[in-house]
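The exercises below take a two-part approach, with a task sentence followed by a solution in steps. Please keep the sequence and the structure at hand while working through them.

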Amino acid sequence: MKLKGSEIIIRTLIEQGVTDVFGYPGGQVINIYDALYKYRDEINHVLTAHEQGASHAADGYSRATGKVGVCIATSGPGATNLVTGIATAMLDSIPMVAITGNVPCSLIGKDSFQEIDITGVTLPITKHNYFVNRIEELADSIREAFAIAKSGRPGPVLIDVPKDVQVAEYEYEPMPVVEKQALPEPEAKDIEKAVELINASERPYIYIGGGAAGLGLGKDIVRLADKIDAAIGCTFMGISAIPDGCPRFLGMQGMHGHYASSISQNEADLIIGVGVRFSDRATGNVAKYARSTKIIQLDPDSAEINKNVVVDLGIVADVEHAFRAILEAVESKAHPEWSARIEELKEEEERIEKHIAAKSDAKLSPKMVFDVINACKPPRTVIATDVGQHQMWTAQYATFDTTRRFVSSGGLGTMGFGLGAAIGARVATGDTTVLITGDGSFGMNLNELATAVSHGIPVVVVLMNNGVLGMVRQWQTLFFGKRYSETVLTDRRTDFVKLAEAFGAVGYRAGTREEFEDAFKKAIASGEVTVIDTLIDKDEFVLPMLPPGGSIDDIITEID
Amino acid sequence: MAKTEKFVIAMYVDNKFGVLTRVTGMFTRRGFNIDALAVGETESSDYSRITITLSGDKYVREQLINQLNKLHNVKKVEVLDDDCIKRQLMLLKVSYTSATRAEILAAVEVYRAKVIDYTTGEMCIEVTGDPSKIDAFIKLMLPFGILEMCRTGVVALERGNKTLFNND
């Protein structure tokens, strides 16, 4: 049948299984919005307050489900407002399709009103992008975009459609949902070599990253760890890959990682990396990272092998298949000395934590906030964050009962990511969604409260309010002689309870553990958009800390 | 430090607008420097061949190939054998006097170059060959006063029946 380009876009999205999109209308996408109106019973559009919010919502939607998140924006400023969201998805390998309108082809290149070369702008931050100037290529470009976004190492794809292509007519035939491109099977000799390295290891450490988090390998990872008597640690992006309560799981390692996890990784004689990229935040000084450790790296992206650290064996293949092949082939082995050492490190970590807690006389510490959240949150709760101290506390303290429940900007570290992402995650899952944020990050995109309220998306916002840009302040405390340049926010005098109410949400203020617990329980039960202004001290630090460019020997566990 | 060497990368890419930007953009983004670049259509009009000469160690070589392979429009990419056939073309305008004319023409003869424009006081010479031959010719012309010159990127093919990409 012959359809207009704008309708082809929406029909192709529906055909590809899309049920929700996030976006904002504008001059060069009016036709697309007209088609959305026509198909409003088949596809749900969430109008955000800002295109950036739409991009983060599409990202959060994807992180929580593994489905491809979709966002729509108009040309020019609409398109550039997506940029931070697209870059966030790129750095964390999140599948996303962004659709932008552009001025008609006859006006392209003439600096027309709201014209921007968005494919040029997003070239370095997309897996691929399309400028579709021929209606004949429209439907297939969208299909290809979905295939690229979800295949191999996932990522964002942008499709820019000039207005005249949206109004032109062309034949449309529905097609099946595009399949992920199959990844190569692991080679037998690589599996053999991996098994050899593992069998020879006395102190193995399984290291889980974002590339493994979405695969549902959790149980197999624990099985391998049991079989070879290994410790399990993860990167920031690997959080929630291993369900809580696994005694072998030591949590995140790296700059703000758990003490036992970081130290044991350094002492291991073999690291089995699954979907990790050994980023600077994870390794510290690479020259000093895991010096006497052999490394196996499983990844679908060949460019990750030997990129940041030189590995002894890189396996570029379907990670699940490779992992399972290794799991089946390795010998069962016990390493009592290694286990004892891990226990010792865990005890040391506990001692450090107790020591920090004992020094604090806070009525409401970050740890207490998470003790309450962990105890009161319903099963399958999604925890989203912004970026800063609160994000690292979440990474350290929050517990997760299943995978894809931790939604946070790791690679790009995007302040202002959280609220949009939480909205997307809640729309995608229908599960309780809690946003942990700070007063700095929340200030960046709090306008999305309007989105949550207008669409009845009951996100619970735990705003850890310390009146400062805490993470930068922490660096200023440690490395800049306590010169707190532009990190004090108390002059803002924002009343977040009133602010929540002004948006039509519910606001609470909590200064003690009891107040917080009361507010949090009410928020979870109410089904209303809620902001809990959670007052914490400005001198709470994220510890331990491996200073930037430092090595494991420089780990800071205490600040006076 | 691993050894830095000059090498040649050849790739088949979709013959579409914007593809060259995608390729060169990746070099910029990851901090790799291009020495010379040549692009042109291939035996199939669906594909262009991009030939890039650059220097780098083993890390640079591996990263480049892996990163290029990730670009959707790059269909095949390889580092060519060291002994591949490399050719570059240069146009060079040099001034002459009656005293220097014969010497310049002798050089043209020896280098199997060609004089393609000849006016009173200046001549334009075309030279083709391996980049090192072109370098040597430039060195030879320097004392005479080079007015202007331009050289293309290197194009290269491997020897024998080796081909980069089979279109079938």
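S93(A) is found in the loop between α5 (83–91) and β5 (96–102) of chain A, where helices (H or I, at least four residues) and strands (E, at least two) are DSSP runs, numbered from the N terminus. This is a predicted model, in which local features need pLDDT of at least 70 and side-chain atom pairs count only at pLDDT 80 or more, while totals for chains, interfaces and linings use all residues. Residues are numbered from 1 along each chain as its sequence is written, and chains are lettered from A and ligands numbered from 1 in the order in which they are written.

**Exercise 1.** Determine the sign of phi of S93(A) and of S240(A), and state whether each residue is buried or exposed.

*Solution.* Begin with the background: most residues other than glycine have a negative phi, and most peptide bonds are trans. Phi of S93(A) is nevertheless positive, near 55°, and this residue is buried, with 23 other C-beta atoms within 10 Å. The criterion is that a residue is buried if 20 or more other C-beta atoms lie within 10 Å of its own, exposed if 12 or fewer, and partly exposed in between, with C-beta atoms placed from the backbone. Next, S240(A), in the loop between β10 (231–234) and β11 (249–252) of chain A, has a positive phi near 80° and is buried, with 26 other C-beta atoms within 10 Å.

**Exercise 2.** Find the peptide bond that joins L543(A) and P544(A), and say whether it is cis or trans.

*Solution.* Locate P544(A) in the segment after β20 (530–535) of chain A, then read omega, which is about 0°, so that the bond between L543(A) and P544(A) is cis.

**Exercise 3.** Which residues of helix α21 (residues 470–479) of chain A are buried, and on which side of the helix do they lie?

*Solution.* The buried residues of α21(A) are G470(A), M471(A), R473(A) and Q474(A). They cover an arc of only 160° around the axis, taken from the directions from the helix axis to the C-beta atoms, and therefore lie on the same side of α21(A). What covers them includes α17 (389–397) and β17 (433–438) of chain A. After α21(A) comes G481(A), with a positive phi near 55°.

**Exercise 4.** How many residues of chain B are in contact with chain A?

*Solution.* 11 residues of chain B are in contact with eight residues of chain A, two residues being in contact if their C-beta atoms, placed from the backbone, lie within 7 Å. On the side of chain B that touches chain A, α2(B) gives the most, with six residues.
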